[in-house]
Amino acid sequence: MPSFDVVNEVNFVEVRNAVDQANKEVGQRFDFKGSDARVELNDKALTVFADTDFQLDQVWDILTGKFAKRSVDVRCMEPGEVEKISGNKVKRNVAVKAGIESELAKKIVRLIKDSKLKVQASIQGDTVRVTGAKRDTLQEAIALLRKSITDFPLQFQNFRD
């Protein structure tokens with residue numbers, strides 16, 4: 001039976017490269033001279049530091065620009081609330097979402113079942129496997145998912161015939 005997997009993968013090498021490039025640009029810019037603006041990368045989270053809210057927004061804009069140049073989808077990033085730390089300094093934690101969460105997986109399965117296509121969708125960990133009798137119906141399912149789910153990046157892998 002032909003099948004494919006719906007996944008969300010983030011290339012963490014490119015994320016690290018984008019963070020390094022953003023830190024380099026922040027260090028070289030005149031308007032950040034003498035400030036403590038930087039981006040730190042932990043396992044699956046980023047922390048953006050700055051002196052003011054305005055600088056925090058500027059660092060975030062630089063970082064999203066670097067993500068775009070390195071072809072990392074910004075929709076994978078979930079910025080948190082701005083927190084005040086010592087003095088006037090602020091920080092923002094940004095979670096990197098990799099994999100499909102259970103709520104989104106259930107939404108994908110429900111969307112495919114409601115579409116009346118002759119395909120079956122099953123949740124397998126952090127992926128959704130879609131199987132069907134014909135390639136054409138699988139391609140219709142891919143087109144349906146691309147059109148319907150726009151707030152989260154999806155990739156389609158393991159297309160087997």
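Which residue of β7 does A121 stand opposite? The exercises below treat this and related points in a predicted model.

**Exercise 1. Establish the partner of A121 and place its strand in the sheet.**

Step 1. The pairing of β6 with strand β7 (residues 127–132) is antiparallel and comprises six bridges.

Step 2. Within β7, the residue opposite A121 is V130.

Step 3. The open sheet consists of four strands in the order β6-β7-β1-β8, with antiparallel pairing. Its edge strands are β6 (119–124) and β8 (155–160), each of which pairs on one side only. On average, neighbouring strands of this sheet are turned by 20 degrees against each other, direction ignored.

**Exercise 2. Determine how β1 is paired and whether its faces are buried or exposed.**

Step 1. β1 is joined to β7 by four bridges, and the two run antiparallel. F4 stands opposite V130 in β7.

Step 2. Four bridges also join β1 to β8, again in the antiparallel sense. Here V7 is opposite Q155 in β8.

Step 3. In a regular strand, side chains alternate between the two faces of the sheet. In β1, S3, D5 and V7 lie on one side, F4 and V6 lie on the other, and all are buried, so both faces are covered.

Step 4. Because five of the five residues of β1 are buried, the strand is largely enclosed by the rest of the structure.

**Exercise 3. Analyse helix α3: which residues are buried, and what covers them?**

Step 1. The 13 residues of α3 should span 18 Å at 1.5 Å a residue, and the end C-alpha atoms are 18 Å apart, in agreement with this value.

Step 2. L104, A105, I108, V109 and I112 are the buried residues of α3. Viewed down the helix axis, they fall within an arc of 140 degrees and therefore line one face of the helix.

Step 3. On the other side of α3, the exposed residues are S102, E103, K106 and K113.

Step 4. The cover over the buried residues of α3 includes β1, β6, β7 and α4. Helix α3 (residues 102–114) lies across β1 (3–7), β6 and β7, and runs at about 170 degrees to β6.

Step 5. After α3 comes K116, with a positive phi near 65 degrees.

**Exercise 4. Locate T137 and decide whether it is buried or exposed.**

Step 1. T137 lies in helix α4. Helix α4 (residues 135–148) packs on the sheet and touches β1, β6, β7 and β8; its direction makes about 175 degrees with that of β8.

Step 2. The relative accessible area of T137 is 16%. Buried means under 20%, so T137 is buried.

Step 3. Leaving aside residues up to four places away in sequence, T137 touches L117, K118 and V119. The T137 side chain also reaches the backbone oxygen of K134 at 2.8 Å.

**Exercise 5. Describe the two sides of helix α1 and identify the elements against which its buried residues pack.**

Step 1. Helix α1 (residues 12–28) contains 17 residues and reaches 24 Å from its first C-alpha to its last, close to the 24 Å expected at 1.5 Å a residue.

Step 2. Its buried residues are V15, A18, V19, A22 and V26. Seen down the axis of α1, these residues fall within an arc of 100 degrees, so they line one face of the helix.

Step 3. The face turned away from the buried side of α1 carries the exposed residues V13, K24, G27 and Q28.

Step 4. The buried residues of α1 pack against β2 (38–41), β3 (45–50), α2 (53–69) and β4 (77–84).

Step 5. In helix α2 lies A68, which counts as exposed at 54% relative accessibility. The C-alpha atoms of A68 and A18 are separated by 8.9 Å, although the residues are 50 apart along the chain.

**Exercise 6. Work out which strands pair with β3 and why β3 is described as largely enclosed.**

Step 1. β2 and β3 form a hairpin with three residues between them. Four bridges join the two strands, which run antiparallel, and V39 stands opposite V48 in β3.

Step 2. β3 also pairs with strand β5 (residues 90–96) in the antiparallel sense, over six bridges. In this pairing L46 is opposite V94 in β5.

Step 3. Since five of the six residues of β3 are buried, the strand is largely enclosed by the rest of the structure.

Key
Residues are numbered from 1 along each chain as its sequence is written. This is a predicted model: local features need pLDDT of at least 70, side-chain atom pairs count only at pLDDT 80 or more; totals for chains, interfaces and linings use all residues. Side-chain values use heavy atoms; hydrogens and water are left out. The expected span of a helix is 1.5 Å times one less than its number of residues. Buried means under 20% relative accessible area, exposed over 50%, partly exposed in between (1.4 Å probe, protein chains only). The arc is that of the directions from the helix axis to the C-beta atoms. Contact means heavy atoms within 4.5 Å. Two strands pair if DSSP finds at least two bridges between them. Axes are lines fitted to C-alpha atoms, for helices over the stretch in contact, and angles run from 0 to 180 degrees between N-to-C directions. A polar contact is a pair of N or O atoms within 3.5 Å; within protein, one must be able to donate a hydrogen and the other to accept it, and residues adjacent in sequence count only if both atoms are side-chain atoms.
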